[in-house]
Amino acid sequence: MKLIDADKLTDLAAALARAGYRVVAPIDDSGVVRLKEWAEGAAIRTDAVPVNSAKDFLFPPSEIIGRWDLDGDDFTPRDVQPDAPKTVLLAVRPCDAAALTLLDTVFNWDYKDEFYNARRQAATVVPMVCTAADEQCFCTSVGGAPDATAGADAMLRPADGGTTLILEPLTDKGNVLLDAAGPALAEGDAVADPPVEIPRRFDVEAVTEWLSRNFESDLWPAISLACLGCGACAYACPTCHCFDIQDEATRRESVRLKNWDSCGFGLFTLHAGGHNPRPDQAARWRNRVMHKFSYIPERFKLLGCTGCGRCARVCGAGMSMSEVCRLIADETKKAPTHES
Amino acid sequence: MDVDRLRQDAAALLADGRARMVIGFRDRAGDRVPAFITDAEQAGELVYDEACRQNLAAYLKKAELARFRPVAIVARPAVMRSLVLLAAEAQVADADVLVLGVSDDDEYHGILDLAATAALLNEKYAEMPHDPDLVKRIEEISAMTPEERSTFWTEQFARCTRCYACRAACPMCYCTQCIVEKNVPQWISTAAAGHGNYAWNIIRAFHLAGRCTECGACEAACPQGIPLMLLNVVLARDVEEEFGIKVGYDAEAEPVIGSWSPDDGEDFIR
Amino acid sequence: MTQAEAKSTESAGAFEPRIVAFVCNWCTYAGADLTGTSRLQYAANVRIIKLPCTGRIDPLFILKAFEGGADAVLVSGCHPGDCHYTSGNYHARRRWMLLRNLLDFTGIDSRRLFFSWVSAAEGQKFADLINDITGKVREAGPFDPTNPARRQPWT
């Protein structure tokens, strides 16, 4: 098997960079762990879930999808190519990789998003198995695991008490990556450490089932009180994929932007005529939960959440998807008081 | 600080109907998250300490909480000033809100209506200093050359993803359609980059000039750790030094940017 | 001034600042008009935008000017006490004080942002002001294209 010392991950990054990959890894950014483009000298940290997700590099916060040169009333379209350099998503979390299954699905469902697909095809995904977790992690409650290989081209497995990493190829892209890493990897044997045990926090099937019958529940206003309607959770989430198209122009050129959007924003569903079908945070939270645990499962047989916990870590108002799911699951354990 | 008295007062308010909801903080696995209590029995879960950084006055923005008025809000002095300012801006009526006065200096101030809140501020917290660490950092940045300042802020604003958590966390950002959501014309570019990020952060700070009580909730809410308080304290110090105005101490005060004095300085005007 | 005269003030390849001036209709705009009718020469670098009153000026106008490539911005209106709308310039004055400190702190300093009171009778003052500002900005150089306020080329 191919091995590398656990504290030599930057050597692997350097080797891959020399081989022409843009290396994205969890970097220490003034004390915060953030997935960023790695550059020589940057410290890679794998001891915490990064504040952002791998989604940033496949579906960026803002992207140009159309351009025109303007000349009075005349306009000339310009060719816009997706910016998709060969990339390795190194030491991301298994929950990030698992999210790619959903992103691949929605960006190729009714319309093939060439921008996402170009970046996706250019990306090699190398998650690292989690041997630690925090209170907010709940991958095991949503069909995931700290050593899940969904979406992975190769896996980094901590081994020999955390001193070594095994790099195990899983796909053709993974094999290509291992070749590119060359002498940064040593040949040898090691015993993979057990992944961290994450207790199941709620029964997700019970949640999905409850959602199918409780659109009008009083639970929605109750659980959404703390939410102030920003986009922090949706932006941090590896599976959230809503976007807003904006055209911006000067007298000389115009661009069409695809920007991240959040169903938590008050204006997300505001109609041009003034009506808003989701007029309060309760309705918006209902949508958020149902999208992830009811509509997506119904349509794609996947869950819309991989249990990474970023939403709860980043929320400035104390909202937490796993807490909401626990509350819903608790509802299902109560005796029914009326016919639903 | 005597949290038991806070809990007792909260329970009493709910029991006798002086408040229909108490908004405070509870503990969740070591984190401090908001608590929305409608039953006296739940008052025992209230906590308060320095880790409680949210400005709970922001919840007055939520229309769905209107039916719970009168609401009692756990408020430290910076938050009390937000409430007084909201009253000055006619966003909250005296009958709608009560304060459970807390502080970071271990004093519990009990149940206060808005008038008593303003009185307390003027009596005990009349000199609320600007955070000295922020002032020091502002001075360091002001001593840089304009090019260095420009580079510094380019780096800071480059991280902004336009999640608007800063806006959501702020009790004074209550516009139903924010300037950044006006698209006829699109004043502020929506792209999470460059000039759009600069304009958004500068204009938001400017819209809060004379309205910011330096509670720090915006910076605490920012997922990217952008030092928003630097901008806010620059403006807050100016409002105090140039116009002699203390923000959030008078429920009858006129808005700072919406008013003027014949004595306002103009030494920079040719 | 004529095109020929304007060209003669430029040397080949030298930096010519682009200055945007937001002025009020009743005082500064009329003053600038007087400059012209008096045949007083002033630098052609300024682009004048007329508004009813300086009280109308939103800080966003100033930001947009820098965004779009202005090397400097001038804001000018009626002297205190002379505002056609009584107090528009007083509102403006207070805002400018706060805005200029905020912009200075974030990289747009007083070499780039100017404020003045110019009345309808001050044709000479307007000419002198523009010439002085143009000289200062020419010396300060172009507004840094990497300044965060500047619109970057869409990549």
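Strands E8 (residues 154-159) and E9 (residues 164-169) of chain A run antiparallel and are joined by six bridges. In this predicted model, the two make up a hairpin, with four residues sitting between them. One of the residues in that turn, Asp160(A), has a positive phi of about 50 degrees. Within the pairing, Leu156(A) stands opposite Leu167(A) of E9(A). E9(A) also has a partner in strand E1 (residues 2-5) of chain A, again in the antiparallel sense, this time over four bridges. Here Leu3(A) is the residue that faces Ile166(A) across the pairing. As a general point, side chains in a regular strand take turns between the two faces of the sheet.

Moving on to the nonpolar interior, the largest core takes in 189 residues, and Phe293(A) and Ile62(C) have the most contacts inside it. Helix H9 (residues 228-243) of chain B supplies the largest share of this core, nine residues. Apart from it there is another core, of 25 residues, with Tyr21(A), Ile27(A), Leu165(A) and Leu167(A) among them. Leu167(A) is thus a familiar name, being the residue of E9(A) that stands opposite Leu156(A). As for Ile62(C), once neighbours within four places in sequence are set aside, its contacts are Phe22(C), Ile57(C), Val73(C), Val75(C), Leu99(C), Leu103(C) and Leu113(C).

Next comes helix H10 of chain A, which covers residues 321-333. Its 13 residues, at 1.5 Å a residue, should span 18 Å, and the end C-alpha atoms turn out to be 19 Å apart, so expectation and model agree. The buried residues of H10(A) are Met321(A), Ser322(A), Glu323(A), Val324(A), Cys325(A), Ile328(A) and Ala329(A). What lies over these buried residues includes four helices of chain A, namely H5 (204-211), H6 (219-223), H8 (281-300) and H9 (310-314). Chain B lends a hand too, with its strand E1 (21-28) included in the cover.

Over in chain B, Ser82(B) belongs to helix H2 (residues 77-88). Ser82(B) counts as buried because its relative accessibility is just 1%, against a cut-off of under 20%. Its side chain makes a polar contact, at 3.0 Å, with the side chain of Asn55(B). Asn55(B) also turns up when contacts are listed without neighbours within four places in sequence, and Ser82(B) then touches Ala57(B), Pro171(B), Met172(B) and Thr213(B) as well.

Conventions. Residues are numbered from 1 along each chain as its sequence is written. Chains are lettered from A and ligands numbered from 1 in the order in which they are written. This is a predicted model: local features need pLDDT of at least 70, side-chain atom pairs count only at pLDDT 80 or more; totals for chains, interfaces and linings use all residues. Side-chain values use heavy atoms; hydrogens and water are left out. Buried means under 20% relative accessible area, exposed over 50%, partly exposed in between (1.4 Å probe, protein chains only). A polar contact is a pair of N or O atoms within 3.5 Å; within protein, one must be able to donate a hydrogen and the other to accept it, and residues adjacent in sequence count only if both atoms are side-chain atoms. Contact means heavy atoms within 4.5 Å. A nonpolar core is a set of buried Ala, Val, Leu, Ile, Met, Phe, Trp, Tyr and Cys residues joined through side-chain atoms within 4.5 Å. The expected span of a helix is 1.5 Å times one less than its number of residues. Two strands pair if DSSP finds at least two bridges between them.
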